[in-house]
Amino acid sequence: MDYPTLSNQRNQSVPSTPSLNVPTTMSDSSFHLENLPSRTMHINRMINSSYNRSPSRTIYSDRFIPSRSGSNFALFDISNSPTSTEGKEDGSGTYNSLLRAALFGPDTPDKKDSLDAPACRNIFRYKTETKRSLHSLSPFGLDDSVPGISHSPVKAPRKVPRSPYKVLDAPALQDDFYLNLVDWSSNNVLAVGLGNCVYLWNACSSKVTKLCDLGIDDSVCSVSWAQRGTHLAVGTSDGEVEANEKLEDCLVVSSNESMGTFIWDASRCQRVRTMEGHRLRVGALAWSSSLLSSGSRDKSILQRDIRAPDDFASKLSGHKSEVCGLKWSYDNRELASGGNDNKLFVWNQHSTQPVLKYCEHTAAVKAIAWSPHLHGLLASGGGTADRCIRFWNATTNTHLSCMDTGSQVCNLVWSKNVNELVSTHGYSQNQIIVWRYPTMSKLATLTGHTYRVLYLAISPDGQTIVTGAGDETLRFWNVFPSPKSQNTDSEIGASSFGRTTIR
């Protein structure tokens, strides 16, 4: 927008002789030299004997019109009084130039330039407004004041759908905080423990397969897919297992009565081996290549190498109550475990005692998740009496931050596509929250479950999550963006809408 000039001349140019400085505060929109008192005019004549009043009137306009939308001192030049600098050292000249450029912009004239300006000039002279950024990194708020700093464009918050795109009925899905009954394989097959049976749901074809029935005296406590392989493991009380679908991943199912783990080769529909060792139910499982870790109500963690003939390679002791959370880091070097003793432990591949112990939680620690973006970053969530998500740097053994969510934290999972994570909650709000890390700002709060959201798994492409609750439903949500390298939409749920049953 063009503004009127602040110095207009009607009849003749501005006198080259200096005039008396006028007050900067004006009560009117214009100021006239003719309105000066006679004493002031007389002083001007005494100062400059060559001063002669022009027969034609000269009117100067000093009207200042500020920019209300972006007032800033950087829009104006403040003139310096013309004093001589000859014979003086200029040791601070460089500093003054840099400071002037930072405060008022790189185009501000230097002090020496003001000596060449007309002696009679406005105290404030309007300049073109400097372009500003809402997220400028400059301490003075000017984008161009500090060279070499790039500024990110303002991004609109990503919209997360507030409703699930698919709902599966899951009868007999247990409402037990300490169990882990849902897992999603790298081949896009979902495994769910329903009562004493295990069901498989193919996310591409929506085909449901009943994998096994443990019998009336037993129930499924946890399921876990291995990263790769052709084996399927099922834990039962009597060894009766059915397999009707050939899969390319290895699934481990632990039962309540058998207290053992059974490995099945799904491609040949044969049980490979049985591994025992726990005295009570196995509620947590985690894979690290060919090493399987199992956590039990007997307070122990067993490390099982499925290539070795022994039932387990080592036994990890440290928890004083049931082990309900297990997660291996992405580099398979560290195992995090959470228990009903409110403790979070970190183990390495060769230790039988925890190398790190975190005792800040005040309730059971089931929710555990390693960040795929930053090595050693670990997130954990506490139960009803705690309600907090805590972040740890396992590399430096540092507690980073804590977020009170207001309700029981049941599960945590990181997105592998963006630096965000999802938490599911129980008492008292039964919500699902999408968080942006590290600010921990909420991107979305998803509701729909009427019971605690005890189960959570993420799709292999990292875009979709499935949640399970004691209301006997599985809900599928699109919460994360696709990877930058992925140009096509995910097959998951592309042709599957509405509500169906998993058995």
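# Questions on a predicted model

Visitor: Are Glu322 and Arg281 buried or exposed?

Guide: The model is predicted, and buried here means under 20% relative accessible area. By that cut-off, Glu322 and Arg281 are both buried.

Visitor: How far apart are the closest N and O atoms of the salt bridge between Glu322 and Arg281?

Guide: A salt bridge needs a side-chain nitrogen of Lys or Arg within 4 Å of a carboxyl oxygen of Asp or Glu. Glu322 and Arg281 form such a bridge, with the closest N and O atoms separated by 3.0 Å.

Visitor: How many residues apart are Glu322 and Arg281, and where do they lie?

Guide: Glu322 is in the loop between strand 16 (314-317) and strand 17 (323-328). Arg281 is in the loop between strand 12 and strand 13. The pair links distant parts of the chain, and the separation is 41 residues.

Visitor: Which residues are joined into one network by salt bridges that share partners?

Guide: Arg281 bridges to Glu322, and Arg281 also meets Asp176 in a salt bridge of 3.2 Å, N to O. Asp176 lies in the loop between strand 3 and strand 4, 105 residues from Arg281. Salt bridges with shared partners make one network of Asp176, Arg281, Arg297 and Glu322.

Visitor: How many residues apart in sequence are the parts that Asp175 and Arg452 tie together?

Guide: Asp175 and Arg452 form a salt bridge, their closest N and O atoms being 3.3 Å apart. Asp175 is in the loop between strand 3 and strand 4 (182-184), whereas Arg452 is in the loop between strand 28 and strand 29 (453-458), so the pair ties together parts whose separation in sequence is 277 residues.

Visitor: Is Arg452 buried or exposed?

Guide: Its partner Asp175 has a relative accessibility of 34% and counts as partly exposed. Arg452 has a relative accessible area of 10%. The cut-off for buried is under 20%, so Arg452 is buried.

Visitor: Why is the pair of Tyr165 and Phe476 tilted?

Guide: The structure holds 9 aromatic pairs. In the pair of Tyr165 and Phe476, the ring centres are 6.1 Å apart. Planes under 30 degrees apart count as stacked and over 60 as edge-to-face. The pair is tilted because its planes are at 45°.

Visitor: Which residues form one aromatic cluster with Tyr165?

Guide: Tyr165 is buried, and Phe476 is buried too. They belong to one aromatic cluster, in which Tyr165 is joined by Phe476, Trp184 and Trp201.

Visitor: How far apart are the centres of the rings of Phe391 and Tyr437?

Guide: Both Phe391 and Tyr437 are buried. Their planes are at 45°, so this pair is tilted, and the distance between the ring centres is 4.7 Å.

Visitor: What is omega for the cis peptide bond that joins Tyr437 and Pro438?

Guide: Most peptide bonds are trans. Two cis bonds can be named here: Tyr427 and Ser428 are joined by one with omega of about 5°. The bond between Tyr437 and Pro438 is also cis, and Pro438 lies in the loop between strand 27 and strand 28. For that bond, omega is about 10°.

Visitor: What is the positive phi of Lys299?

Guide: Most residues other than glycine have a negative phi. Ser206, in the loop between strand 6 (197-202) and strand 7 (208-213), has a positive value near 65°. Lys299 sits in the loop between strand 14 (291-296) and strand 15 (300-305). Lys299 is not a glycine, yet its phi is positive, at about 80°.

Visitor: How many disulfides does the structure hold?

Guide: Cys204 is partly exposed, with a relative accessible area of 37%, whereas Cys324 is buried at 0%. A disulfide needs two cysteine sulfur atoms within 2.5 Å. The number of disulfides in the structure is 0.

Visitor: Which residues make the nonpolar surface patch of about 270 Å²?

Guide: Leu103 is in helix 2 (residues 93-104). Leu103 is partly exposed, with a relative accessible area of 33%. The patch is made by Leu103 together with Leu99 and Tyr95.

Visitor: How much of the span of residues 446-479 is strand?

Guide: An unreviewed UniProt entry lists residues 316-357 and 446-479 for "repeat: WD". In the span 446-479, the end C-alpha atoms lie 10 Å apart. Helix makes up 0% of that span, and strand makes up 56%.

Methods: Residues numbered from 1 in each chain as written. Predicted model: local features only at pLDDT ≥ 70, side-chain atom pairs only at ≥ 80, totals over all residues. Heavy atoms only, no water. Buried < 20%, exposed > 50% of the residue type's maximum accessible area, 1.4 Å probe, protein only. UniProt positions renumbered as here; feature names shortened; annotations may be inferred. Helix = DSSP H or I, 4+ residues; strand = E, 2+ residues; numbered from the N terminus. Patch = residues over 30% accessible without salt bridge, like charges linked within 9 Å, V, L, I, M, F, W, Y side chains within 5 Å. Areas by Shrake-Rupley, 256 points an atom, 1.4 Å probe, with all protein chains shown as cover. Phe/Tyr/Trp six-rings, centres within 6.5 Å; stacked < 30°, edge-to-face > 60°.
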